[in-house]
Amino acid sequence: MKAKVKLNIYQNASIKISGSKNSSLPIIAAAILCDETVVLHNIPEISDVFLLIDILKDMGITSSFKNNTLIIYPNTIRRKRFHNKKINKLRGSYYLIGALIGKNDYSDFSFLHPGGCKLGIRPINYHLNAFSNMGLNIKTNHEKIIISGHKTNITHNLIYPSVGTTINIILSSCKIVGKTIIHNASIEPEVIDVCNFLKSMGINIIINNRTITIFGSSFLHKTEYTIMEDRIEAGTFLILGAIHNGITIYNIHPQNITYLTDVLHNCGYSLEINDNDITLHPHNKNDIKPFNITLSPHPGFPTDLGPLMCVLASQIKGTSYILETVFKDRFNHISELQKMNIDISLNNNLITINGVSNVINSTIKASDLRCAASLLLASTINHNYSIIDDIDYLFRGYENIKEKLNSLGIEFII
Ligand code: EPU
């Protein structure tokens, strides 16, 4: 699918931020652990969520999804082979492996390898090692992962605070009565959201710095839970407002994006931060200074906003630097931004951007979700149409994007 994008007249508007993709996916998977009904509010209507609901349906789990509320009726899963090709299309499908292990005393199933955005090789060896350390037998071939055996509660020492691994350990062990400990765990806000969801079903979880302790319970009672906001969507719109002439975002917890508001503040932008909204005021471009950031696990600057910050840097006079330390190969956006005349280069994992670039309209191609968002931002800079190929990636993570862009005076035609 292609999108035609251009700026008409920028209007400084207020944008309601949707529910978080990276919370919704593990929380929907975690819902299958519940012994009663689960009601989830603020679930975004994005393609990754629809895909996961479809996979659940194929697993025999009924749900209903309307007006951002998803009701899941978890039941017994007797199947042993989960080979729906849709699993291959979604990285977040790996949360179902953790949830399936967590659901039963005895594991005996096979699951296709998860898919997702192309950010270089994305192994799941940390997840599989953790399952194996819990006493499970893990075999893999080019197509699937085969899991069998009994699990037990242990202390995990992660070599890296991986988001997915931390959540999968929590899901797989939360029904084991006793104590599971994770050292060097990820403490991204989405991990905390998953823990809060499990707590709402009766699990006791204590988070102390990077150590998470789970006191499992064999019965998880019904719950009604509201998903946190999408802090990456919030960041995307704040960056868009910084490129243009200000913006207000609401339905958020500003403490979840202080890494971004701090950087913007240091660049010279004027921000008003309230309990549930942030306003970035119009600014004089000459007052804005370049930045130097390192993308790293929370509470560091999130890797998901790196490609978007490249576009902002191209509109700030001077040289900005972005060091990517999370993904080895999250650089697909660079060659496309170069086609748009942005002065950007890569040396190992250090990105250098010289501004101000005179962005020209082009035909460019998205190759992952945040690459698509980055090309979208770049396409809003001038008044001629840019054409973005494979824009479908964008719909994996941004709800009602066309309407939101239109309200800011940006044309977005599919
Ligand atoms: N890694 C391994 N082995 C593993 C797991 C991870 O080598 O078994 C490596 C990864 O290749 C990467 C690093 O560890 O280099 C970090 O990976 P992590 O496990 O922390 O990330 P993830 O769970 O794969 C989630 C989000 C990503 C987000 C990252 C970092 C979901 C579905 N995905 O991925 O979101 O970038 O955490 O915050 O929650 C996105 O939304 O665009 C996106 C890619």
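Biologist: How many residues lie between strand 8 and strand 9 in their hairpin?

Modeller: Keep in mind that this is a predicted model. Strand 8 covers residues 137-140 and strand 9 covers residues 144-150, and the two run antiparallel, joined by four bridges. Between the two strands of the hairpin, the count is three residues.

Biologist: And which residue in strand 9 stands opposite Thr-140?

Modeller: Thr-140 belongs to strand 8, residues 137-140. Look across to strand 9, and its partner there is Ile-145.

Biologist: Now the ligand: which helix gives the most to the shell around it?

Modeller: The shell around the ligand draws at least two residues from each of helix 1 (21-31), helix 4 (125-133), helix 5 (163-173) and helix 11 (369-379). Among the closest residues are Asn-125 and Ser-162. With three residues, the top contributor is helix 4.

Biologist: How many charged residues does that shell have?

Modeller: In total, 23 residues surround the ligand. Sort them by class and you get 11 nonpolar and six polar ones. The charged count is six.

Biologist: What percentage of the ligand's accessible area does the protein cover?

Modeller: Start with the polar side-chain atoms by the ligand's oxygen atoms: Tyr-94 has one 2.6 Å from a ligand oxygen. For Arg-91, an N or O atom of the side chain is 3.4 Å from a ligand oxygen, and for Arg-330 the distance is 3.3 Å. On its own the ligand has 830 Å² of accessible area, and the share covered by the protein is 92%.

Terms used:
Residues numbered from 1 in each chain as written. Predicted model: local features only at pLDDT ≥ 70, side-chain atom pairs only at ≥ 80, totals over all residues. Heavy atoms only, no water. Pairing = 2+ DSSP bridges. Near = heavy atom within 4 Å. Polar contact = N/O pair within 3.5 Å; in protein donor to acceptor, adjacent residues only side chain to side chain. Areas by Shrake-Rupley, 256 points an atom, 1.4 Å probe, with all protein chains shown as cover. Nonpolar A, V, L, I, M, F, W, Y, C, P; charged D, E, K, R; others polar.
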